[in-house]
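The following exercises concern the contact between two protein chains and the state of two cysteines. Please study the sequence and the structure before reading each solution.

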Amino acid sequence: MKKCTQEYRERSIRLTLSRTRRRIIRDTVPRHRHRKVGYHGLETIIAPRVFDLSDIKYRRKLIKMIHTMRHLAFVKHIGFNINFNRTESMVAPATLLFTAELRNIVSSVGDKIKILCTKPISVKVNEVLFQIGIYKLLKIESLITPKHETVVNWKFTCGTNIDMRKFDDVVKENDHRIIDSLSQKFFRIVSEAITNTIDHAYMNNRSERRNILIEKESWWMFSQVRGQRLTLVVCDLGVGVPGSLPDLHPSLWEKVKSVLGSTPHNGKVIKMVIENSISRTKLGHRGKGFTDMVNVTGSQPDSELLVSSNSGWYFLKHGQKPIVKDFGNSTNGTIIMFVTPIEMEASNGEDNN
Amino acid sequence: MEKIIINIANDFSRYPAGRYESDGPYPGELFRNKLLEPAVKKGFPFTIILDGTRGYGSSFLEEAFGGLIRLGYDPNKVKALINFEASDGSLVDEINQYIDLAARVK
């Protein structure tokens, strides 16, 4: 009789353990869920290859993923594992929306359900998830140090109110590179974007999610100073610009309906609101937030402004006409992205790059 | 006569933002209640120094100064009482606009 080698013995043990695990799962998990049971017995959600809201194909996939996450967490009360294996690219506005939704889920029901993720194959995406705090949020150990130049400069912050001391977190490392007047404009833009969120975004629960809570954090922000450009991205999970008009500004809503019809193109609604610079409240003295953003975009070359609200999309680049779209599927919230060159402090003689 | 000088950055905050007291730690309503209205009530001219903050949200300025008019103060008297010191003259113009607009809407 042949002697059993160590290698053969170890292989047999591994196979036995694997068969035992499969038998336990088969016997304890309902048959109809066998297909979906994955890592740690959690539902598996496959993250899209590209996180981008500007492309209709990727937008649909990302929104579907977020819907699934919310449905599992808030309706079925089931934990899930987000599989990032296929993810290759993450664009800021889409990534911030995902981050906000995930953080909202974790802060609301994270103590009741388990949420994990399978790390991506892409090194860059791995660095992004670390840099924006996803691993920390899900308590997943990660020892990487982001090195990619498109990743290391991103900062994340969030809040429940308008505490603009967080603004220093955004700009302090680069404060010496931004002249006072421009820094004050950025302050104004960020504070107005967050003020609009706090005052108006959560006036009603989102229509299909009346049972879903918005707790703790109300706004989320990415920021980056890279080279000569500052990028600010702010997100809320509120009713959106088009969603708030009927209640907050009925006269403007009537005007919108008379021009655009009773189910208006959301992008054109955003455009009307921005270009009229009218607040979404009943009193006419409010609402300079969008005006400030548009004015800075108009005056600073190479500036860009994006307002994505529900299914609407308004993108303005300096010197060009705005691009306005309605994608048909809603992000259930508002994302504002503002990109502008920063100006160096006059003649300090240093190379600040 | 006591000379009142309100330095917003030192006496209130370097980060004035938001409209209502529920919005955050340094909103326009709080500034108006805590510093602005008591100074106006005294009836003597006083100075507001706008420099030194990180910036001003338009909601903060509107609620602070426009809100004062909505409380019933005469806009011309308010303008006569307040002397602004600001390196950015457009801020003073903006505040005066909010005062005028609040008077019209009242």
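**Exercise 1.** Determine how many residues each chain gives to the contact, and how much area is buried.

*Solution.* Step 1: the contact (heavy atoms within 4.5 Å) takes 24 residues from chain B and 24 residues from chain A. Step 2: the two chains bury about 2,100 Å² between them, 48% of it on carbon and sulfur atoms; buried area is the accessible area (1.4 Å probe) that two parts lose on being put together, summed over both. Step 3: Tyr15(B), Asp23(B) and Arg54(B) supply 32% of the area that chain B buries against chain A, more than any other three residues.

The model is predicted: local features need pLDDT of at least 70, side-chain atom pairs count only at pLDDT 80 or more, and totals for chains, interfaces and linings use all residues. Residues are numbered from 1 along each chain as its sequence is written, chains are lettered from A in the order in which they are written, and side-chain values use heavy atoms, without hydrogens and water.

**Exercise 2.** Identify the side chains that form the salt bridge across the interface.

*Solution.* Step 1: a salt bridge requires a side-chain nitrogen of Lys or Arg within 4 Å of a carboxyl oxygen of Asp or Glu. Step 2: the rule finds one across this interface. Step 3: the partners are Glu94(B) and Arg188(A), at 2.9 Å, N to O.

**Exercise 3.** Explain why Cys235(A) forms no bond with Cys158(A).

*Solution.* Step 1: a disulfide needs two cysteine sulfur atoms within 2.5 Å. Step 2: the sulfur of Cys235(A) has its closest cysteine sulfur, that of Cys158(A), 11 Å away, and therefore too far for a bond.
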